[in-house]
Structure formats: structure tokens, C-alpha cells
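Colleague: I've got the model open next to its sequence. Mind if I quiz you on a few spots?

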Amino acid sequence: MHDIRALRDQPDLYEMAWAAKGRSGASAEALQLDQQVRASRSASEAAQARRNDLSRRIGQAKAAKDEAAAARLFNEVEALKAEAAGDAERAKAAEEALRDLLASLPNLPAQDVPPGEDEASNVEIRRWGEPFAIQAPRNHADLGEALGLMDFEAAARMSGARFVVLKGPLARLERALGQFMLDIQTLEHGYTEVSPPLLVRDIALFGTSQLPKFSEDLFRTTDDRWLIPTAEVSLTNLVREQILAAETLPLRLTALTPCFRSEAGASGRDTRGMIRQHQFYKVELVSITEPDQSDAEHERMVSCAEAVLKRLDLPFRTMLLCRGDMGFSARRTYDLEVWLPSEGRYREISSCSNCGDFQARRMDARTKSAGEKGTRYVHTLNGSGLAVGRTLVALLENYQDEGGRIAIPQVLQAYMGGVTHIDGNA
């Protein structure tokens with residue numbers, strides 16, 4: 001959500017940012033609605049002030065026993081009453097239209113975010129590790145099916161496309177990855193583990209900006225709740241409508257949850273395998289900070305996500321997204337992309353975003369220092385630490401051998417009961 005006062009002060013800044021997202025003219029439209037709101041309010045207040053003055057004069061006329069004047073003044077009061085009601089109604093309609101418009105407009109990018117329309121303009125910040133030398137690498141779906149531990153057909157029979165059944169040691173490896181990630185983030189990086197609701201109301205998804213714009217990407221229940229597309233929704237909404245003591249910030253929260261996405265905009269992309277599914281596990285990281293802490297917290301969050309990939313010895317690169325490729329609520333986003341041998345390229349495995357006060361305004365989440373009277377909006381950040389399914393994909397492909405066995409990274413072997421390899425007999 002946007003501050004209309006800031007838009008009045010810097011309309012060109014907003015117009016430039018929104019035009020880059022395909023919303024040219026939105027700044028002028030918002031300012032026109034804002035002018036309608038203020039004009040209708042002023043007219044309503046002026047009519048009310050006139051009514052008050054006339055009511056006083058009616059009393060004076062009656063005291064002077066001038067019934068004709070009192071009757072004339074009374075008729076004027078009635079007319080002004082209708083006029084004020086009309087102005088108030090017009091103000092309310094304009095306010096609702098302005099609120100809906102501002103809610104539909106994306107966050108403004110930070111000044112250091114590179115220009116560009118799509119991923120071609122993203123900037124590589126750093127790269128870690130060398131791609132594994134694998135002769136004729138097989139993709140993860142072929143590997144999993146050959147092992148007899150990954151079954152897309154069984155999943156399709158019960159649920160349709162974009163689902164998978166994992167079995168035996170592969171199911172255990174998925175579970176091990178989630179626990180491993182949680183342990184790193186809680187025991188080493190200071191995040192507090194949370195077990196949040198997986199079903200939320202409209203207001204929660206509005207707060208983190210999935211609604212109203214992205215309803216088609218979500219699954220809705222028959223009682224008007226929504227399955228979470230990410231634990232960002234539940235974790236960030238823990239502070240909605242709260243005033244947090246500045247001394248308690250930053251809050252660092254994490255959760256391992258199933259996530260549910262309709263993938264409405266992904267028709268024809270990654271239709272086979274585990275890259276893009278309707279249901280998957282993810283370890284989410286959320287931080288709530290003071291405004292002047294969020295940039296430093298953003299860098300820290302990215303390093304926390306990178307640490308998982310480094311421990312697993314998976315080659316990756318860190319990308320700063322351009323303006324056109326960032327998500328709706330982000331002011332700056334880093335993507336981590338892991339190397340996939342079967343594709344011969346890097347694929348996204350984590351996205352870490354600083355949303356500034358954009359979500360906080362929608363949730364009315366504020367902070368206040370001891371002894372201060374005023375409050376200010378907190379800043380919210382979120383990131384994957386990591387997407388479990390995509391990490392499993394990367395492990396299968398990077399740790400395969402020529403016979404189709406999968407080596408287990410040493411850091412995961414304790415979570416796997418000492419198992420060092422997965423093969424068809426495991």
C-alpha cells in the first residue's frame with residue numbers, strides 16, 4: 001500500500017516506477033481520485049458549517065418570534081443536509097476507488113535496483129562453487145523414476161498434474177533437507193521456529209499483497225479461507241495490527257510448511273518433474289525490522305540462505321533482480337540460482353526480498369521506541385531458506401553417478417541414519 005502524501009510530493013517518481021510495471025498513468029489517476037476525495041470532503045464540511053450557522057440563526061429567529069424567518073432558515077438547513085450527504089457519499093466512493101487503486105499498484109524499487117524489463121537485465125552479484133563435471137547428466141525425474149522412488153503417474157491418478165509421490169529413502173531425504181535447513185536457521189542464525197496456520201483469511205493475504213492481484217495463483221476453500229502459497233503469509237501477519245517495541249526488533253522467524261500454488265501463470269512451463277508443483281515444502285525466513293535496519297537485514301538474510309547451499313556444496317549464483325523482474329511487494333530482491341547439470345544452467349531456488357513498509361501499511365504493523373509518542377511502520381523482509389523440493393532436485397542431479405546412484409552429502413548423512421547413497425535397492 002502507498003502513502004498518498006508521498007505520491008502528492010513526488011508523482012514523477014511513482015509514475016516512472018509504475019510505468020515500468022505496465023501501469024502508466026496510474027499516478028495521475030490516483031491524484032485525480034485524491035483531489036475528488038479532498039474536494040468532496042471540503043464541500044461536505046463547508047455545508048455542515050453552514051448548517052450549524054443556520055441552526056443558530058433559527059434559534060435567534062424563534063427567540064425574536066420571527067416564524068417566517070425561522071421557517072425559511074429551516075428549509076435552507078434541510079437543503080444543506082441533503083447537499084452534505086451527497087458530498088459525503090461522493091467522498092466515500094472516491095476514497096474506496098482510491099484505496100482499491102493504490103492496493104493494486106506495486107511497490108517502488110529501491111534506488112540501486114537496476115533498470116530492465118525482464119530477467120535478461122538481472123545482475124549477477126557473485127558466484128560460488130564450480131559446476132560438477134558429470135558425463136551425460138540425467139534429469140531428476142528420470143533419476144527418481146529409475147530408482148523406483150519417484151512416482152508421477154500415481155500422483156496424477158489421485159491429484160492430477162504437478163504432483164509427485166516420493167518413496168523410501170527419497171521421501172526421507174526430503175524430510176532430512178527440511179530438518180537440516182531448520183537447524184541451520186534456528187541454531188546458527190537466530191531465527192525462531194514457528195508452526196503457523198496453513199489456512200488463512202482474505203485479510204492475511206491482502207496484508208502480504210497476494211490479494212487482490214494474485215487470487216488466480218491461490219487455492220481457496222469452500223469456507224472462504226485460502227491455502228498459503230508460502231509461510232511468508234502466516235509469519236508476516238503475526239505482527240499485523242500490532243505496535244512493536246523498537247527494542248524487540250529485529251524479529252527473525254522461520255517455518256517449514258507445505259505451500260500450495262495453482263501455477264495459473266505457468267502453463268506449459270516445467271510440466272514434468274518437481275521444479276514447479278502445486279504442493280511443495282519450503283523453509284521460509286521472515287524478518288521484521290526498524291526502517292533503518294532493513295537493508296542490512298536483507299544482506300544478512302541472503303547470507304543465511306546461501307549458507308545452506310554452501311553446506312550442501314551445491315554451486316550457485318546470487319542475482320540482483322531488475323525492476324521489471326521483481327515481485328509485486330518487493331523494493332529489492334536477490335535470487336539464488338542453483339546449478340542443474342541436466343539443463344546446463346542455473347535455476348532459482350530462493351528469492352529474498354526487502355518490502356520496506358509496503359506490507360506493513362497494508363497490515364497496520366508499527367513500531368515505537370521507549371519514551372516516544374509517535375509510531376512508524378516496520379519494514380518486512382522474506383526469503384526462502386530454502387525451497388525443499390528444488391533443493392532435492394539439485395541434490396539428485398549434482399550428486400548422481402554414471403550408474404544412477406545418488407550420493408548423500410556428508411552434512412545430511414546423520415539425518416539419513418548414516419546412509420551414504422541412494423540406489424534402487426536402498
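Colleague: In which sense do β6 and strand β7 pair?

Modeller: Bear in mind that this is a predicted model. Strand β7 covers residues 226–227, and two bridges link β6 to β7. Across that pair, Phe219 stands opposite Leu227 in β7. The sense of the β6 and β7 pairing is antiparallel.

Colleague: Which strands stand at the edges of that open sheet?

Modeller: The sheet is open and has three strands, in the order β5-β7-β6. A strand with a single partner has one side left without a neighbour in the sheet, and that is the situation of two strands here. Those edge strands are β5 (199–200) and β6 (219–220).

Colleague: Moving on to Ile408, is this residue buried or exposed?

Modeller: Ile408 lies in the loop between β17 (406–407) and α13 (410–413). Buried means under 20% relative accessible area. Ile408 comes out at 5% relative accessibility, so Ile408 counts as buried.

Colleague: And what separates the C-alpha atoms of Ile408 and Ile422?

Modeller: Leaving aside residues up to four places away in sequence, Ile408 touches several residues, including Leu173, Met416 and Ile422. Along the chain, Ile408 and Ile422 are 14 residues apart. Their C-alpha atoms are separated by 7.4 Å.

Colleague: Last one: what relative accessibility does His298 have?

Modeller: His298 is in helix α10, residues 294–311. Not counting residues up to four places away in sequence, His298 touches Arg332, Thr333, Tyr334, Cys352, Ser353, Asn354 and Leu381. His298 counts as buried, with a relative accessibility of 0%.

Key:
Residues numbered from 1 in each chain as written. Predicted model: local features only at pLDDT ≥ 70, side-chain atom pairs only at ≥ 80, totals over all residues. Heavy atoms only, no water. Pairing = 2+ DSSP bridges. Helix = DSSP H or I, 4+ residues; strand = E, 2+ residues; numbered from the N terminus. Buried < 20%, exposed > 50% of the residue type's maximum accessible area, 1.4 Å probe, protein only. Contact = heavy atoms within 4.5 Å.
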